[in-house]
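Please open the model in a viewer with residue selection and secondary-structure display enabled. The tour proceeds from selection to selection and states what is found at each stop.

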Amino acid sequence: PPRIRRLEESVVNRIAAGEVIQRPSSAVKELVENSIDAGASTVSVTVKDGGLKLIQVSDDGHGIRCEDLPILCERHTTSKLSAYEDLQTIKSMGFRGEALASMTYVGHVTVTTITEGQLHGYRVSYRDGVMENDPKPCAAVKGTQVMVSLQLCIVFALLDMYCDFYKKKNLNMQVENLFYNMVARRKTLQNSNDDYPKIVDFISRFAVHHINVNFSCRKHGANRADVHSGSTSSRLDAIRNVYGASVVRDLMEIQVSDENAVDEIFKMDGFISNANYVAKKTTMILFINDRLVDCTSLKRATEFVYSAILPQASKPFIYMSINLPPEHVDVNIHPTKKEVSLLNQERIIEKIKDAIEEKLMNCNNTRIFQTQALNSSALTQANTRKDKGTEVSTPTGEKSQKIPVSQMVRTDPRDPSGRLHTYWQGQTSNLEKKSGLVAVRNIVRSRRNPKDAGDLSSRHELVTEIDYNLHPGLFDIVKNCTYVGVADEVFALIQHNTLLYLVNVVNVSKELMYQQALCRFGNFNAIQLSEPAPLLELLTMALKDDESMSDVNEKEKLEIAEVNTEILKENAEMINEYFSIHIDQGGNLTRLPVVLDQYTPDMDRLPEFMLTLGNDIAWDVEKECFRTAAAAIGNFYALHPPILPNPSGKGIRLYKKNKDSMESAGQADNDLTSTDEDDIDQELLAEAEAAWAQREWTIQHVLFPSMRLFLKPPKSMATDGTFVQIASLDKLYKIFERC
C-alpha cells in the first residue's frame with residue numbers, strides 16, 4: 001500500500017483556503033459582517049469586474065493595534081473568543097480566524113489601519129500568512145477600508161481578524177491576484193457578471209436588517225450606487241429604500257414567540273407579502289441572532305403555505321429575524337457560516353409556518369391588481385408608421401422589410417376600440433362599465449395546491465389524452481386571437497392575424513370546462529348553495545322536462561328519480577373528494593365546484609346536470625367514471641344560451657302579454673312596430689336582458705381570457721364547425737381595391 005505522509009503546511013493551508021474562500025460574493029459577506037462586528041455605522045463597498053479585480057470595503061468601526069499586525073494573518077488568530085466554551089455563547093459573526101489567513105495563501109493582501117489616539121495609520125502587506133515587510137506609517141481617515149483585487153475571498157479572512165475591542169479609525173485591506181496559484185478555481189470565476197448581483201443581494205439584505213447602519217454598494221468608477229440605504233428607525237423604510245415602494249405596499253408585519261415554553265425560548269418578527277404581491281422569484285431574508293443565514297427547510301415550508309394562495313408563477317417576499325438564546329444555536333457547522341443548527345428546529349419551523357398561514361388567511365378577503373395604462377400616443381405613432389409602410393430599424397441597425405398593407409394587422413387585444421360592441425349604440429350593458437377588467441383576467445389564473453387525489457393514474461391518462469389530441473394550429477389561434485364580439489346566440493367573432501373566425505361558444509366552453517375539471521381534479525374551490533337542494537326534487541324536475549320521457553307516467557318517473565338519488569348518495573363521498581360536489585346524508589345538494597374563477601353556471605340547468613350524474617356516469621370503471629363525470633361538469637358549466645329567448649330585435653315579440661292574438665310570424669312582425677310598453681311583460685323582459693347581457697360579458701371577460709390561458713383545442717374542433725374562417729384580409733383588400 002502507498003505510504004502515509006504528513007502534508008507540508010503550505011499544502012494544508014492552500015487546501016483549507018479553497019474551502020473557506022469560495023467566491024467573491026462570499027468574501028464581501030465576510031467583510032461586511034466583520035465591519036458590523038466592529039461597531040461600524042457606515043459601510044461602503046466598491047467592486048470591479050464582479051470582485052475579481054477589486055473589492056474595497058470601507059467602514060468607521062474599530063481598528064487593529066499596531067502590535068497585533070504581525071500575527072494578523074496567521075491561522076486561528078482572533079479577538080472573538082479565547083476558549084472553546086466561548087463558542088456556546090458567541091454573538092459575533094466571525095470567530096474562527098481563518099478567512100484572512102486563507103486569503104494570504106491564494107492572493108496578495110494589503111491592510112491599512114488606524115486606531116483611536118494614533119496620529120497616523122499603518123499599512124502592511126501579507127503573503128502565505130506572514131508579513132512581507134514591516135508596517136509602514138501612512139495617512140488614514142476615520143473608518144475602515146478593505147481592498148481586494150482579483151479574488152474576493154480574501155475579504156472574509158480580513159474581517160475575521162478584526163478586533164472587536166480595538167478602537168480603529170481607519171482600516172484598509174487590499175487583496176490582489178486572488179487565486180493566482182489556483183488555476184481551476186480562477187477559470188470558474190472568469191465571468192465578472194456572475195458575482196456582482198450576488199454582492200448587491202448580500203448588501204441589500206444587510207441593509208434591511210441593520211437599520212442603524214448606512215450601506216452603499218457600487219461598481220468601480222460608477223457615479224451612482226446600486227444600493228444606498230441610510231440609517232432609519234423603521235424596518236419598512238429600509239425595505240422601501242432597498243427594494244422599492246411596490247414591495248412595501250404588499251407587506252404585512254408578523255410576530256411569533258414561544259416564551260412560555262419550558263424547553264426553548266424564541267422570538268420571530270418580520271414582514272411577509274400578502275396575496276397581492278407578485279414576483280417571479282422568492283425573496284427570503286433570514287437572520288438568526290443577527291446572523292445572515294439560509295434555512296432550506298424553513299424556506300420550503302413557507303413556499304408551501306404560499307402555494308395555496310398565490311398564482312403558480314408568483315413567489316413571496318419574506319423577511320424574518322429570529323432571536324434565540326446563543327446556547328440554542330450551533331454556528332460552527334459550515335465553512336462559510338451560511339448555515340446554523342437550531343435546538344428543536346422542527347418545532348420552530350412548524351410554529352412559524354402556522355403563523356404565516358393564519359396571517360395569510362386573515363388578509364385574503366380582498367385582492368388588488370395593478371393596471372398599467374396603454375401609451376396611446378406611442379400606439380398612434382406606431383399605427384401611423386404602419387399605415388405609411390415605413391421601414392422599421394432593428395436594434396442591430398438593420399432595416400426590416402416593409403409589411404404589405406394587405407397583411408397589416410390593425411387590431412390590438414388590449415384596445416377595446418377594435419371590438420364589435422364598441423360600435424353598437426345604446427346596447428352597452430352596465431356590466432361593461434366595470435373597471436376591474438384586468439383584475440378579472442388575472443384572477444382566472446389557476447391555483448396550485450397539490451393533493452393526493454391528483455396523482456391517480458386514470459386522471460393522468462385523461463390529461464395525457466388532451467395533450468395528445470391537441471391541434472397546434474388551433475392552439476396558436478386561441479393563444480393569440482383578438483376578441484371582436486358576439487355574432488349571435490351561439491357564435492362569437494375573433495381575429496387572428498389577418499383572418500376572421502366564427503367560434504362556437506358552446507363547444508369551446510364545454511371543452512374548456514371539461515379540461516379544467518380534470519386539471520383541478522381533487523383541488524376545487526366550492527360554491528355554497530344558499531339553501532340545500534333536495535336531489536329527489538331536482539331529478540323529478542329534470543325528468544318532467546326531458547322530452548324523451550314524455551311517454552313515461554309520473555309514477556315511473558318518481559321511481560327513476562328515487563333510484564338515481566340512491567346512486568348519488570352511495571357515491572357522494574367520491575364525487576365530493578374528487579369534484580367538490582357535496583351531497584349530505586339527507587340527499588340534499590349543498591355545494592358545487594368552482595371550475596372557472598369568477599364564473600357561476602346557469603342554475604336553471606342544475607336538474608339536468610344531476611340527472612346526468614345519476615344516469616350517465618360509469619361508476620364501476622375508474623377512468624370512464626372520471627371521463628363521464630368531467631364531461632357532465634363541462635356540459636353543465638358551458639355557456640349555453642339562456643333559457644329565455646334573446647329579446648333583441650324581433651325577439652321582443654315573444655315577451656308580449658297577448659301572444660295568443662299573433663296568428664302568424666308576419667302578423668307578429670307587423671305588431672312589433674306598433675307595440676307599446678303596456679303590451680310587454682317588463683319584468684320578464686328585464687330578466688331576459690340581464691341574462692343575455694351577463695352571458696355576453698362573461699364570454700368577453702371570462703371565457704376568452706381563460707381560453708388563452710388554459711384551452712388546448714382538440715383536433716376534432718378543426719372539422720366539426722367549432723372554428724370557421726369567414727374572411728381573409730388579403731382577399732378582402734383585393735376586392736376593396738377595385739372599388
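Begin by selecting isoleucine 527 together with leucine 592, its bridge partner in strand 23. The model is a predicted one, in which local features require pLDDT of at least 70, side-chain atom pairs count only at pLDDT 80 or more, and totals for chains, interfaces and linings use all residues. Numbering starts from 1 along each chain as its sequence is written, and side-chain values use heavy atoms, with hydrogens and water left out.

**The sheet around strand 23**

Extend the selection to strand 21 and strand 23, which pair in the antiparallel sense over 6 bridges. Strands here are DSSP runs of E with at least two residues, helices are runs of H or I with at least four residues, and both are numbered from the N terminus. Two strands are taken to pair if DSSP finds at least two bridges between them. As general background, strands of a sheet pair through backbone hydrogen bonds, either parallel or antiparallel.

Now display the whole sheet: 3 strands form an open, antiparallel arrangement in the order 21-23-22. Strand 21 (525–534) and strand 22 (582–583) are its edge strands, each pairing on one side only. Strand 22 is joined to strand 23 (residues 588–594) by 2 bridges, and the two run antiparallel. Select histidine 582 to find arginine 591 of strand 23 opposite, then isoleucine 583, which stands opposite leucine 589.

Between strand 22 and strand 23, centre on glycine 587: in this hairpin, with 4 residues between the strands, glycine 587 takes a positive phi near 80°. Colouring by accessibility shows strand 23 as mostly covered, with 5 of its 7 residues buried. Buried means under 20% relative accessible area, exposed means over 50%, and partly exposed lies in between (1.4 Å probe, protein chains only).

Next, select glutamate 570 in helix 17 (residues 554–570). Is glutamate 570 buried or exposed? Its relative accessibility is 64%, so glutamate 570 counts as exposed. A distance label between the C-alpha atoms of glutamate 570 and glutamine 585, 15 residues apart along the chain, reads 9.7 Å.

**Two further sets of strands**

Move to strand 1 (residues 42–48) and strand 9 (residues 214–219), which run parallel and are joined by 6 bridges. Threonine 42 has asparagine 214 of strand 9 as its bridge partner. Strand 9 also pairs with strand 10 (residues 227–229), here in the antiparallel sense over 3 bridges. Select serine 216 to see histidine 228 of strand 10 opposite.

The next stop is an open sheet of 5 strands with mixed pairing, in the order 11-12-15-13-14. Strand 11 (251–257) and strand 14 (291–292) stand at the edges with a single partner strand each, so one side of each has no neighbour in the sheet. Strand 11 runs antiparallel to strand 12 (residues 267–273), and 7 bridges join them. Within this pair, leucine 251 stands opposite serine 273.

**Covered segments**

Select helix 3 (residues 99–106), where 8 of 8 residues are buried. Among them are Leu100, Met103, Tyr105 and Val106.

Valine 484, in strand 18 (residues 482–486), is likewise a buried residue, with a relative accessible area of 12%. Which residue lies 216 positions away along the chain, with its C-alpha atom 8.8 Å from that of valine 484? Glutamine 700 is the residue to select.

**Surface patches**

Switch to a surface representation and select Leu7, Val11, Val12 and Ile15, which make a nonpolar patch of about 330 Å². Patches consist of residues with over 30% relative accessible area and no salt bridge, like charges being joined within 9 Å and nonpolar side chains (Val, Leu, Ile, Met, Phe, Trp, Tyr) within 5 Å. A salt bridge is a side-chain nitrogen of Lys or Arg within 4 Å of a carboxyl oxygen of Asp or Glu. Leucine 7 belongs to the segment before helix 1 (9–20) and is exposed, at 51% relative accessible area.

Finish at Glu350, Asp354, Glu357 and Glu358, which gather in a surface patch of negative charge. Glutamate 350 is in helix 10 (residues 345–363) and counts as partly exposed, at 40% relative accessibility. In an α-helix there are 3.6 residues a turn, so residues three or four places apart point the same way.

Notes: Accessible areas come from the Shrake-Rupley method with a 1.4 Å probe; for residues, only the protein chains shown count as cover. Lys and Arg count as positive and Asp and Glu as negative; His and the chain ends are not counted. The place of a charge is taken as NZ of Lys, CZ of Arg, CG of Asp or CD of Glu.
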